[in-house]
Amino acid sequence: MNTEQPSLIERAKTFSEEVIRPQAAQFEEQGVSRDVIQQMAELGFLSSILPVEYGGSGVDALTYGRITEEIGKGCNSVRALLTVHTSLVGETIAKLGSDEQKKTFLPQMASGEKIACFALSEPEAGSDAASIQTSYQEVDDGYIIKGGKKWITYGAIADLFLVFAKEGEKTSAFILERSMPGVTTTPISGLMASRGAHLAEITFDNVRVPKSNMLGRAGMGFSFVANTALFYGRYSIAWAGVSIVCAALEEMVTYSRSRTQFGTKISQNQLIKAMIADSTAALHASRAICEKIAQLRADGDQSAVTETNIAKYITSKAAAEVSSHAVQVFGGNGIWNAYAVERLFREAKVLEIIEGSSQIQQLMIAGQALRDYYRAPLKKRYPKANSSTNKTVLSEVKDRQVASV
């Protein structure tokens, strides 16, 4: 870890406390402001994990996770910008982009000159992302893209769009710019959560894209580009769960130590203590698994992918549970938007849906478990049932059973 990294975390903590948290309610009504986004760029948050040669700070995955946690404690909608702009798009271009693409887009993203978003979901393609209908056609000087996307975080104000489209059975990925003729965005209102994250529907009306803007090879958009992006995105979301768990715990502890009922502070109530204890354990467990993944990423360990799916699943569920505890501790005040726990409760639900719902994570985790934790039946492990070796094993088992009694 270089000497700049701790200061980035401290800057994120200070910025979250002094700038983001006081404006969180306002962001829900008006969206995260361009001024705040630019400040995040200037302070190095948007570029933190991007390569130094393209204007980033090149921090390690753990430092980036800690930055995400601090920003998320202030406002989940602000944190969402790190997930889509820096992780889903920035890290993916840094990993898979051509030299030209890296030189063109990453410095613009690092400086905040251009904001990027991840355009995969469609009105009829959410968890079943492979069924997208947005299409592309190759022409002499590039590609023509038509179709639409929905639920695109920061899509309403983004300048760059990482778009997935199909040609027959092939799915490919493209970098589109708002300035390209035929790109239109429509903000989505009436949201339960992520109200400040500028969600939008995006329409592509025969948008002409240069060949140099395809990310990766043709036909590798879903299996390669999208899966790479989602790995980075789920890591960010896992830390987002940590941020909500931590923020909710801080709120319930602070409130319980000041609220008096039946003549004593409610923090002295054993059932309140039980919720605080469970929430504290959830925070430590959630943060620990995220820190583990950071180390796996640093080591280049392939198990980081599976562990990230598990972490995303665990921390999103923890965020839902702990934010619910926080509302309960606040009582009637907990369902009033004058208190942060009401917003935290709503935002926690989003984490169980985005970047692969909890049910999708369960399927992937179970599939891995069915491979990793299978034990062959006893006869296969000890094929000669009457052999002296097998008798020795059975004898040892009986000895251990007796010893345990």
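# Pockets, domains and odd corners: worked exercises

H4 gives six residues to the lining of the largest pocket, the most of any contributor. We'll come back to that pocket in Exercise 1. Before you start: this is a predicted model, where local features need pLDDT of at least 70, side-chain atom pairs count only at pLDDT 80 or more, and totals for chains, interfaces and linings use all residues. Residues are numbered from 1 along each chain as its sequence is written, and side-chain values use heavy atoms, with hydrogens and water left out.

## Exercise 1

Describe the largest pocket: its volume, its lining and the elements that build it.

**Solution.**

Step 1. Get the terms straight. On a 1 Å grid over the protein atoms alone, a pocket is an open set of points with protein on both sides within 12 Å along at least five of seven lines, and lining residues have an atom within 4 Å of a point. Volume is the space filled by probe spheres set on the points, which are joined across faces, edges and corners.

Step 2. Read off the volume: about 930 Å³.

Step 3. Look at the lining, which has 37 residues. Nearest the centre you'll find Ser121, Ile353, Ile354, Glu355 and Gly356.

Step 4. Find the elements giving two or more residues: helix H4 (76–96), strand S3 (142–152), helix H6 (221–256), H9 and helix H10 (358–372). Helices here are DSSP runs of H or I with at least four residues, strands are runs of E with at least two, and both are numbered from the N terminus.

Step 5. Sort the lining by class: 22 nonpolar, 10 polar and five charged. Ala, Val, Leu, Ile, Met, Phe, Trp, Tyr, Cys and Pro count as nonpolar, Asp, Glu, Lys and Arg as charged, and the others, Gly among them, as polar.

## Exercise 2

Work out which domains the second largest pocket lies between.

**Solution.**

Step 1. Split up the protein chain: domain 1 is 6–114, domain 2 is 118–218 and domain 3 is 223–365. These bounds come from an automatic or database domain assignment.

Step 2. Describe the pocket. It holds about 560 Å³ of space and is lined by 23 residues, with Glu91, Lys95, Phe231, Tyr232 and Arg297 nearest its centre.

Step 3. Check the elements that give two or more residues: H4, H6, helix H7 (270–299) and helix H8 (304–330). H6 has the largest share, five residues.

Step 4. Draw the conclusion. Domain 1 and domain 3 both give residues to this lining, so the pocket lies between them.

## Exercise 3

Find out how many disulfides the structure has, and check Cys117 and Cys246.

**Solution.**

Step 1. Set the cut-off: a disulfide is a pair of cysteine sulfur atoms within 2.5 Å.

Step 2. Search the whole structure, and you get zero.

Step 3. Check Cys117. The nearest cysteine sulfur belongs to Cys75 and is 18 Å away, and Cys117 is in no disulfide.

Step 4. Do the same for Cys246: the sulfur of Cys290 is the nearest, 12 Å away, and again there is no disulfide.

Step 5. Ask about burial (buried means under 20% relative accessible area, exposed over 50%, partly exposed in between, with a 1.4 Å probe and protein chains only). Cys117 is at 0%, so it counts as buried. Cys246 is buried too, with 7%.

## Exercise 4

Where do Tyr154 and His198 lie, and what is unusual about their phi?

**Solution.**

Step 1. Recall the background. Most residues other than glycine have a negative phi.

Step 2. Take Tyr154, in the loop between S3 and strand S4 (160–167). Its phi is positive, about 65°, although it is not a glycine. With a relative accessible area of 0%, Tyr154 is buried.

Step 3. Take His198, in the loop between strand S6 (183–187) and strand S7 (200–210). Phi of His198 is near 55°, also a positive value in a residue other than glycine. At 17% relative accessibility, His198 counts as buried.

## Exercise 5

Place Ile202 in its surroundings.

**Solution.**

Step 1. Locate Ile202: strand S7.

Step 2. Check burial. Its relative accessibility is 1%, so Ile202 counts as buried.

Step 3. List contacts (heavy atoms within 4.5 Å). Leaving aside neighbours within four places in sequence, the partners of Ile202 include Cys117, Gly147, Phe161 and Val183.

Step 4. Compare sequence with space: Ile202 and Lys150 are 52 residues apart along the chain, yet their C-alpha atoms are separated by 6.4 Å.

Definitions and conventions
On a 1 Å grid over the protein atoms alone, a cavity is a set of points where a 1.4 Å probe fits but cannot get out, and a pocket is an open set with protein on both sides within 12 Å along at least five of seven lines; lining residues have an atom within 4 Å of a point.
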